[in-house]
Amino acid sequence: MPLIVLDSVSYRYPDASEDALRGASLSIDKGEYIAVIGGNGSGKSTLVRLFNGLRAPAAGKARVAGLDPALASSMFAVRQAVALVFQSPVDQIVSSNVEEDVAFGPSNLGLPPDEMERRVSEALEAVGMAELRRRPTRSLSGGQQQKLAIAGALAMRPECLVFDEATSMLDPATKARVLELMEGLSAGGMAVVHVTHDMDDAARAERIIALRSGEIAFDGPAAAFFTAGRAAELGFSTPRTIEAAEAFGIAAEIGDDVEALAGKLLEAGIARQGTDGVLGAARRDDGSGGAGTQSAGTAAAFRFDGVSFSYLRGTAGEVRALSDVGLEVPRGSRVALVGRTGSGKSTALQLMNALIQPTRGSVTSLGQDTKSAALDARKLRMSAPLSIQRPESALFELYAADDVAFGPRNLGLSGRGLVDRVRCWMDAAGIPYDQFRDRMTRGLSGGEKRKLALAGVFALESEAVLLDEPTAALDPAAQAEVFALIAGLAEAGRTVVFATHSMEEAARADFVAVFADGALADFGAPEEIFYERYDPAWGVALPFAARLAGALRERGAEFPGEPLSIEALRDALAAPRGGRA
């Protein structure tokens with residue numbers, strides 16, 4: 001008997017004008033590994049909440065382990081069988097201490113103390129948080145909160161574990177570990193459902209369920225979806241290796257990695273061994289001067305001098321987040337903050353915005369000492385607004401357009417000027433004004449809320465913008481829209497500082513600041529960070545193009561430059577012998 005069955009299920013949220021999910025039918029067996037994909041607002045989160053009774057069908061039938069999940073009498077058994085890791089992990093953290101939070105679910109199962117301790121220890125070890133078991137939950141970073149939520153679900157030992165965008169804020173190494181965990185759980189007989197916007201992650205699953213406008217548009221093997229043209233037909237992107245292979249005009253298969261792709265490029269003669277191309281040429285000349293002179297001739301928008309910061313200072317739970325950081329962010333530049341989960345990126349952004357004050361050292365933001373008694377904190381935060389790691393949690397107005405209007409209205413805008421400003425930035429953020437202006441914020445999907453929150457920050461048209469994981473939980477099209485906005489801000493001379501776990505995003509910045517264990521490990525142009533000075537010990541991945549370039553060079557291929565995109569690598573491989581890219 002299938003573990004989960006949906007039969008022509010539909011669901012509509014209160015006050016919504018149309019169904020979030022329509023006519024969904026599927027069955028899931030124990031041990032299956034399934035990826036659920038779709039654009040923001042396509043119905044993914046609604047679908048998986050039907051699996052454990054968090055949503056009850058408005059039409060059709062749902063069965064979990066043979067039970068009706070909508071019945072109160074079935075609820076405990078259903079939620080014991082199907083555990084859900086929410087898109088926003090803070091929504092399921094219930095305790096003030098890490099190990100107590102993981103123990104919460106097992107304790108409600110009435111397990112003996114030794115079994116509960118075993119489950120807590122194994123779950124924390126599985127997500128790499130064993131050393132943080134006594135850490136106060138309030139001091140965790142967003143990525144650490146995601147790992148904690150996963151550990152809590154693992155400790156329940158369900159028959160099906162659902163990850164709703166549960167890896168979106170994890171660093172590459174931790175994300176790889178969680179993906180391997182998913183595969184292991186599936187191999188051990190647990191059904192695993194992974195809601196994701198990352199097609200590389202989706203391709204690791206055996207089965208793809210693709211949603212579009214509330215309907216299941218595809219349900220079948222991952223290989224058939226990505227290599228038989230179905231992804232393109234339905235408007236979905238493909239894994240990076242397949243996308244890169246198509247760019248080079250060769251064939252690739254699901255499961256190909258950069259080494260396999262490098263071999264195919266050499267076999268096809270696209271990459272050449274033993275040529276006399278000029279290695280290392282064509283570094284981008286942006287006048288920055290590289291690390292150590294990044295602000296030469298340019299006033300710093302943000303400056304850290306010997307900055308340290310501790311959470312819960314003076315208590316038994318004190319956590320050092322930053323140690324003796326010196327950093328300068330040039331005005332008008334785009335700076336990417338990268339590093340492992342919990343390395344200090346979010347703390348650095350909050351210090352720039354004066355939401356917190358350094359424990360030691362000084363922070364100068366847009367010419368103001370953030371510790372000064374004369375600081376106008378309100379003015380600074382209007383001049384350098386911060387989009388927090390979960391910006392959707394900052395929404396508070398009833399209607400979407402009113403939330404975007406809040407900041408500009410406080411700057412003195414009104415009437416037609418205010419409407420035009422709100423329309424401009426809602427449209428630019430991919431949440432069109434005419435379609436969403438009167439939508440209730442609580443009825444938006446997680447991705448739509450995130451886009452709305454970003455629109456509210458951009459609508460301030462400020463001197464600088466601080467963004468913490470701005471594209472997490474957004475579909476690929478929305479990610480592209482956000483980075484088009486960032487490029488536009490940079491062209492207009494505004495300073496943009498953003499934290500990211502995507503090295504493709506970091507490669508598009510003017511500078512990359514690498515954080516490791518609360519220290520600034522390096523600062524420089526992307527080419528310097530990802531080629532000349534790259535250190536695997538940082539826990540930071542390389543951009544896909546840089547990994548592919550490295551794999552080609554290891555096989556003897558020679559070509560100029562330090563390409564950070566597939567387009568740049570294609571141009572480098574096509575450069576004449578002895579030429580410069």
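**Exercise 1. Work out whether Glu 243 counts as buried, partly exposed or exposed in this predicted model, and find the patch it belongs to.**

Step 1. Start with the number: Glu 243 has a relative accessibility of 47%.

Step 2. Buried means under 20% and exposed means over 50%, with partly exposed in between. Glu 243 therefore counts as partly exposed.

Step 3. Now place the residue: Glu 243 sits in helix H10.

Step 4. Together with Glu 246, Glu 567 and Asp 571, Glu 243 forms a negative surface patch. Helix H10 (240-248) and helix H22 (566-574) are the elements that give two or more residues to this patch.

**Exercise 2. Find which residue of helix H10 is joined by a salt bridge to Glu 504, and how far apart the two are in sequence.**

Step 1. The partner of Glu 504 is Arg 240, and their closest N and O atoms are 3.4 Å apart.

Step 2. Glu 504 belongs to helix H19 (residues 503-506) and Arg 240 to helix H10, so distant parts of the chain, 264 residues apart, are linked.

Step 3. Check the surroundings of each: Glu 504 is partly exposed at 26%, and Arg 240 is partly exposed at 28%.

**Exercise 3. Take the salt bridge between Arg 133 and Glu 99 and explain why it ties together separate parts of the chain.**

Step 1. The two side chains meet at 2.8 Å, N to O.

Step 2. Arg 133 is in the loop between helix H4 (113-126) and helix H5 (142-154), while Glu 99 is in helix H3 (residues 98-108), so the pair connects parts 34 residues apart in sequence.

Step 3. With a relative accessibility of 15%, Arg 133 counts as buried.

Step 4. For the wider picture, the structure holds 32 salt bridges.

**Exercise 4. Describe the order of the open sheet that contains E11, and locate Arg 320.**

Step 1. Four strands make up the sheet, in the order E11-E10-E13-E14, with antiparallel pairing.

Step 2. E11 and strand E14 (368-369) are the edge strands, each pairing on one side only.

Step 3. Further in, five bridges join strand E10 (residues 300-311) to strand E13 (residues 360-365). One bridge partner to look up is Ser 365 in E13, which goes with Phe 302.

Step 4. Arg 320 lies in strand E11 (residues 319-330) and counts as partly exposed at 47% relative accessibility.

Step 5. Finally, Arg 320 joins Arg 313, Arg 360 and Lys 371 in a positive surface patch.

Notes. Residues numbered from 1 in each chain as written. Predicted model: local features only at pLDDT ≥ 70, side-chain atom pairs only at ≥ 80, totals over all residues. Heavy atoms only, no water. Patch = residues over 30% accessible without salt bridge, like charges linked within 9 Å, V, L, I, M, F, W, Y side chains within 5 Å. Areas by Shrake-Rupley, 256 points an atom, 1.4 Å probe, with all protein chains shown as cover. Salt bridge = Lys/Arg side-chain N within 4 Å of Asp/Glu carboxyl O. Lys, Arg positive; Asp, Glu negative; His and termini not counted. Charge placed at Lys NZ, Arg CZ, Asp CG, Glu CD. Buried < 20%, exposed > 50% of the residue type's maximum accessible area, 1.4 Å probe, protein only. Pairing = 2+ DSSP bridges.
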